[in-house]
Amino acid sequence: MINNFDMMFYTLAFVVPGFITYTFLSIFVPQKNEQATNLLLKSLYFSCLNYALWFWLIFIIVKTNYYQLHQYRTISLWIVIILISPVIMGLTLGILSKKDAIRKLLQRIGFNTIHPIPTGWDYKFSNINNAIWILVTLKDDSTISGYFGGNSFASSDNTERDVYIEKVYKIDNNNLWNEVPRSDGILIKGDQIKYIEFFNE
């Protein structure tokens, strides 16, 4: 019968590493909202992938008396395997996904894959690296123009699509953008947006 200590051990060993990888991957690539079951399965998958990379070292630790002779080193190695390695894996997978490297590689060898980023909203806003100008058309066909820079924000929660523009501009008859005096930005709710246009500086 599994006691509380066993449950804690199995959770730490088989769920936590994968969850850490998934969390750091999500920093780079927006993920769909997952049900608890799917999130658990993904965590287990990433944990297994992590252990597969370290199988050779785990075999040495478990099948020899290394842990008896070097207890502190063994503890340090387990910390690396369970906590540090998943962080590195998540960052690496995140960077590769951000650059779309894995999908492009699979396409080159004949596999047609779906994009890992779930929506166009997530794709565009997660790839804005420099400040840009945006023109938001609302459902009543009115428009809001502004400067989307480092202090602006677009929600990554697909249940609440809103966007904060740090500086609001007015477009005059000569198509010149003029900053609204004393503007401290504007928050636009996602359900009011019809479409958004993007312009480079």
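**Exercise 1. Is Trp133 buried or partly exposed, and at what relative accessibility?** Then work outward from Trp133 to its pairing partners.

*Solution.* The model is a predicted one, in which local features need pLDDT of at least 70 and side-chain atom pairs count only at pLDDT 80 or more, while totals for chains, interfaces and linings use all residues. Residues are numbered from 1 along each chain as its sequence is written, and side-chain values use heavy atoms, with hydrogens and water left out.

Step 1. The classes of accessibility are defined by relative accessible area with a 1.4 Å probe and protein chains only: buried is under 20%, exposed is over 50%, and partly exposed lies in between. Trp133 has a relative accessibility of 18% and therefore counts as buried, whereas Trp177, at 25%, counts as partly exposed.

Step 2. Rings of Phe, Tyr and Trp (its six-membered ring) pair if their centres lie within 6.5 Å, and planes under 30 degrees apart are called stacked, over 60 edge-to-face, and the rest tilted. Trp133 and Trp177 form an edge-to-face pair, with 5.5 Å from centre to centre and 70 degrees between the planes.

Step 3. Helices (H or I, at least four residues) and strands (E, at least two) are DSSP runs numbered from the N terminus. Trp133 belongs to strand E1 (residues 132-138) and Trp177 to strand E6 (residues 177-179), so that this pair links parts of the chain 44 residues apart.

Step 4. One aromatic cluster is formed by Trp133, Tyr147, Tyr169, Trp177 and Phe199. The charged end of Lys167 sits over the ring of Tyr147, 5.7 Å from its centre, where the criterion is that NZ of Lys or CZ of Arg is within 6 Å of the ring centre and within 35 degrees of the ring normal.

**Exercise 2. Which residue is the bridge partner of Ser145 in E5?** Describe the strands on either side and the surroundings of Ser145.

*Solution.*

Step 1. Ser145 is found in strand E2 (residues 143-148), and two strands are taken to pair if DSSP finds at least two bridges between them. E2 pairs with E1 in the antiparallel sense over six bridges, and Trp133 stands opposite Tyr147 in E2.

Step 2. E2 also pairs with E5 in the antiparallel sense, over three bridges, and the bridge partner of Ser145 in E5 is Tyr169.

Step 3. A polar atom of the Ser145 side chain lies 2.5 Å from the backbone oxygen of Tyr169. For such a polar contact, a pair of N or O atoms must be within 3.5 Å; within protein, one must be able to donate a hydrogen and the other to accept it, and residues adjacent in sequence count only if both atoms are side-chain atoms.

Step 4. With contact meaning heavy atoms within 4.5 Å, and not counting residues up to four places away in sequence, the residues that Ser145 touches include Ile134, Leu135, Val168 and Trp177. Ser145 is buried, with a relative accessible area of 5%, and E2 is mostly covered, five of its six residues being buried.

**Exercise 3. What is the order of the strands in the open sheet of three strands?** Locate its edges, then examine the loops that carry positive phi values.

*Solution.*

Step 1. The order is E3-E4-E7, with antiparallel pairing, and the edge strands, E3 (153-154) and E7 (186-189), each pair on one side only.

Step 2. Strand E4 (residues 162-165) pairs with E7 over four bridges in the antiparallel sense, with Ile188 in E7 as the bridge partner of Val163.

Step 3. Arg182 lies in the loop between E6 and E7 and has a positive phi of about 60 degrees although it is not a glycine; at 86% relative accessibility, Arg182 counts as exposed.

Step 4. Asn175, in the loop between strand E5 (167-171) and E6, has a phi near 65 degrees, again a positive value in a residue other than glycine, and counts as exposed at 56% relative accessibility.

**Exercise 4. How many aromatic pairs does a search of the whole structure find?** Analyse the pair formed by Phe14 and Tyr51.

*Solution.*

Step 1. The search finds 11 aromatic pairs. The ring centres of Phe14 and Tyr51 are 6.1 Å apart and their planes stand at 65 degrees, so this pair is edge-to-face.

Step 2. Because Phe14 lies in helix H1 (residues 4-14) and Tyr51 in helix H3 (residues 36-53), the pair ties together parts that are 37 residues apart in sequence.

Step 3. Phe14 is partly exposed, with a relative accessible area of 39%, whereas Tyr51 is buried, at 15%.
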